[in-house]
Amino acid sequence: MSETYERAFQTATFENRVTSARNLHGWSIQDLAGQVAKRRGKDRLSVNYIRSVISGHAHGKAYEETLEAIKQVLGI
């Protein structure tokens with residue numbers, strides 16, 4: 001399996017896991033952004049930023065911290 005295909009597969013799988021976990025909590029993407037912001041000690045995080053992190057399009061230290069916060073908030 002090519003590296004590009006493998007990354008795309010992992011990203012799609014993670015997006016599905018996030019969506020499933022959000023649905024189990026009954027949360028919208030806005031609700032998730034609010035919970036992640038609290039976890040990161042922020043007033044708010046934009047929905048577009050959360051979507052970028054989930055889809056793997058954001059990078060850097062803040063991305064890693066947000067990704068971990070998403071996993072912790074959703075328990076995945």
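**Note on the predicted four-helix chain**

1. The largest nonpolar core holds 21 residues, and those with the most contacts inside it are Val 18, Leu 32, Val 36, Ile 50, Ile 54, Ile 70 and Leu 74. Two or more residues come to this core from each of helix 1 (3-25), helix 2 (29-40), helix 3 (47-55) and helix 4 (61-74); helix 4 gives the most, with six residues. Such a core is a set of buried Ala, Val, Leu, Ile, Met, Phe, Trp, Tyr and Cys residues joined through side-chain atoms within 4.5 Å.

2. This is a predicted model, in which local features need pLDDT of at least 70 and side-chain atom pairs pLDDT 80 or more, while totals for chains, interfaces and linings use all residues. Residues are numbered from 1 along each chain as its sequence is written, and side-chain values use heavy atoms, without hydrogens and water.

3. The chain has four helices and zero strands (DSSP runs of H or I with at least four residues, and of E with at least two, numbered from the N terminus).

4. Beyond its neighbours within four places in sequence, Leu 74 is in contact (heavy atoms within 4.5 Å) with Val 18, Ala 21, Arg 22, His 25, Trp 27 and Leu 32. Across the chain, 53% of the contacts with a separation of 6 or more join residues 24 or more positions apart.

5. Of the 76 residues in the chain, 34% are buried (under 20% relative accessible area, with a 1.4 Å probe and protein chains only). In soluble globular proteins, nonpolar side chains tend to be buried together.

How values were computed: Buried < 20%, exposed > 50% of the residue type's maximum accessible area, 1.4 Å probe, protein only.
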